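User: I would like to learn how to read the strands, crossovers and unusual backbone features of a model such as this one. Could we work through them one at a time?

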Amino acid sequence: MDLDEILSTLGWQDGSRMKCYGRDGSTVIVLHGGPAAFGEADPLAQALSDEFRTYAPWQRRSGEKTLTVAQHVEDLHCLISTRFKGVLPTLVGESWGAMLALAYASEFPDTIASVVLVGCGTFDTASRQKMSEIIQQRTSEEMRSRLSRLDEEVTDPEEQTMAWVEITKPIYDYSPIQSSARPRERFDLKGHDETWRDMMRCQEEDVYPQSFAAIKVPVIMLHGDYDPHPGRMTRNTLRQTIPHMEYREFEKCGHSPWLEKDAREDFLTVLREWIKRHA
């Protein structure tokens, strides 16, 4: 299968699983979280389209072959090397997408202009433990009651996962705005679990974050102070291998800054200026 066939298989050729926003400006690729949260980052890509040409590819779904971080990196490289020849795009990754952006940049550091990490996931046990503690502290009795009834109320595992996400939003969002309807296909629980297990394996085997030392392009981490992902702990971990990484924290801001009433404009201003400065 050649590169064009791969892109077609992923739904990136016909636009069914990769949205393009804007016509002018530098090229920006926005990577969604999850894994398998298809369409999650589309509103962010759209918000940047006033100054940049942005792409929001939905990542590979699960299939007969077990999904891995390496497969997602290969898919992204196929896109960049085929669609953006001679262009160095900026990678903007949110949550899991930030982790994928780092994994890609460590493998193909000469193919991109810079990396932006938004609400980046964790890369060590201590950070994950801290995140777990924060989540437990913010889980109200009402949430616990609703979550305990999910097994009876929702039988489909993938629908149950999405219901879990909706119930626990107050843990992750500080003061969210009403966002427009996002394009979304059925959540891929199998793909999510396979990809996340492989990321954990890579961390246990010291692949990540050690391999990030190969990243020489500019990197910035943008993080909300209310995000249960412990931003400063992750910053300190990543700076051991990416000492040039910059860090900016936003007040009254949760896991998705572009959807936060108090932080959205400041976040987008910082993000736009960073992209323009390093394009």
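User: In which sense do strand β2 and β4 pair, and over how many bridges?

Analyst: In this predicted model, strand β2, which covers residues 27-31, pairs with β4 in the parallel sense, and the pairing extends over 4 bridges. To fix the register, take Val28, whose bridge partner in β4 is Thr90.

User: Which strand is joined to β4 by 5 bridges, and which residue stands opposite Gly93?

Analyst: That strand is β5, residues 114-118, which runs parallel to β4 and is joined to it by 5 bridges. Here Gly93 stands opposite Leu117 of β5. Between these two strands the chain passes through helix α4, residues 96-107, and the resulting β-α-β crossover is right-handed.

User: How should I think about the two faces of a strand, and which residues of β4 lie on each side?

Analyst: The general idea is that side chains in a regular strand alternate between the two faces of the sheet. In β4, Thr90, Val92 and Glu94 lie on one side while Leu91 and Gly93 lie on the other, and both faces are covered, since every one of these residues is buried. The count for the strand, residues 90-94, is 5 buried out of 5, so β4 is largely enclosed by the rest of the structure.

User: Where is Ser95 found, and is it buried or exposed?

Analyst: Ser95 is found in the loop between β4 and α4, and with a relative accessible area of 12% it is buried, because the cut-off for that class is under 20%. The backbone of Ser95 also deserves attention, in that its phi is positive, about 60°, although the residue is not a glycine.

User: Which other residue has a positive phi without being a glycine, and where does it lie?

Analyst: Lys252 has a phi near 50°, again a positive value in a residue other than glycine, and it lies in the loop between β7, residues 246-250, and α12, residues 264-278. Lys252 is partly exposed, with a relative accessible area of 44%.

User: How do β5, β6 and β7 pair with one another?

Analyst: Taking the pairs in turn, 4 bridges join β5 to β6, and these strands run parallel, with Val115 having Val219 as its bridge partner in β6. On going from β6 to β7 the sense is again parallel, now over 5 bridges, and the partner of Met221 in β7 is Tyr247. Together with helix α11, residues 231-238, β6 and β7 make a right-handed β-α-β unit.

User: Are the faces of β6 covered or open, and which residues lie on them?

Analyst: Both faces are covered: Val219, Met221 and His223 lie on one side, Ile220, Leu222 and Gly224 on the other, and each of these is buried. With 6 of the 6 residues of β6 buried, this strand is therefore largely enclosed by the rest of the structure.

User: Which residues are joined by cis peptide bonds, and what are the omega values?

Analyst: One cis peptide bond joins Gly34 and Pro35, where omega is about -5°, and Pro35 has its place in the loop between β2 and α2, the helix at 42-47. Another joins Tyr208 and Pro209, with omega about 5°, and Pro209 sits in the loop between α10, at 189-204, and β6, at 219-224.

Terms used
Residues are numbered from 1 along each chain as its sequence is written. This is a predicted model: local features need pLDDT of at least 70, side-chain atom pairs count only at pLDDT 80 or more; totals for chains, interfaces and linings use all residues. Side-chain values use heavy atoms; hydrogens and water are left out. Buried means under 20% relative accessible area, exposed over 50%, partly exposed in between (1.4 Å probe, protein chains only). Two strands pair if DSSP finds at least two bridges between them. A crossover is right-handed if, with the strands pointing away from the viewer, the path from the first strand over the helix to the second runs clockwise.
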